[in-house]
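Thanks for coming. I will go through one structure today and keep to what can be read from the coordinates.

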Amino acid sequence: MGAYEASRRETRLYGSRAARKEGALFMQLKDIMTPGVEVIAPEASIYEAAEKMSHRDIGPLPVCEGERLVGMLTDRDITVRAVAAGRDPLTTPVRAVMTPDVVYGFEDQDVEDAARLMEQYQIRRLPVLNRSQQLVGMVALGDLAVHAGTRPVAAEVLEQVSEPGTSGRK
């Protein structure tokens, strides 16, 4: 496909960048993310993680070594990879059951591009990093839905995320 065809295809899929800059659709992740995300260390026990999830009423916890994102831990990870496997929650470290390959976006990334990532990998929450690779926030599917310019994108993502698992995640 030539440059002209690629440009036309991108315009059909995402609208022209100039049009998005003029309207509400041109937003960056930093405009809609939730800052100040709760994290957990990879050496913490899954019991500590579960307690934190319970007290904060959250399902996912980014796993960080210092300010560097090294994985993601969900309540489902604890259930499937630890409890169902008979692991001791007091001695099993987060690192043993977390998902190490994390899909993330950058704070200056276009919301539509991030939505495509969420769609492609069938994820409902996307960690947001700055260009120094430090975790600065989290974008949830709901964040896409509450911003007027992103509602059509959120509907598309929800449809794809709700499809039976084809992402290859374990």
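How many of the six residues of strand β2 are buried? Five of them are, so to speak of β2, residues 60-65, as mostly covered is fair. Keep in mind that this is a predicted model.

Staying with β2, its partner is strand β3, residues 68-74, and the two pair in the antiparallel sense over six bridges. To place the register, Cys 64 stands opposite Leu 69 in β3. The hairpin of β2 and β3 has two residues between the strands, and in it Gly 66 takes a positive phi near 65 degrees.

Next, helix α4, residues 46-56. Ile 46, Ala 49 and Met 53 are buried there. Why do I say that the buried residues line one face of the helix? Because, looking down the axis of α4, they fall within an arc of 55 degrees. Ser 54 and His 55, on the other side of α4, are exposed. What do the buried residues of α4 pack against? The list is β2, β3, α5 (75-83) and α6 (94-97), which brings us back to the hairpin of β2 and β3. After α4 comes Asp 57, and its phi is positive, near 55 degrees.

Now the open sheet. Four strands form it, in the order β1-β6-β5-β4, with mixed pairing. The edge strands are β1, residues 34-35, and β4, residues 105-106, each pairing on one side only. Within this sheet, β5 (residues 125-129) and β6 (residues 135-140) pair in the antiparallel sense over five bridges. Here Leu 129 stands opposite Leu 135 in β6.

Last, the aromatic residues. A search of the whole structure finds one aromatic pair. Tyr 104 and Phe 106 form that pair, and the geometry is edge-to-face, with 5.6 Å centre to centre and 90 degrees between the planes. Which of these two rings belongs to a buried residue, and which to a partly exposed one? Phe 106 is buried, because its relative accessible area is 15%, under the cut-off of 20%. Tyr 104 has a relative accessible area of 32% and is therefore partly exposed. Phe 106 has a further neighbour: Arg 131 lies over the face of its ring, at 3.9 Å from the ring centre. Phe 106 also falls within the residue range of the edge strand β4.

That is what I have on this one; I will take questions now.

Key
Residues numbered from 1 in each chain as written. Predicted model: local features only at pLDDT ≥ 70, side-chain atom pairs only at ≥ 80, totals over all residues. Heavy atoms only, no water. Phe/Tyr/Trp six-rings, centres within 6.5 Å; stacked < 30°, edge-to-face > 60°. Buried < 20%, exposed > 50% of the residue type's maximum accessible area, 1.4 Å probe, protein only. Lys NZ or Arg CZ within 6 Å of the ring centre and 35° of its normal. Pairing = 2+ DSSP bridges. Arc of directions from axis to C-beta. Contact = heavy atoms within 4.5 Å.
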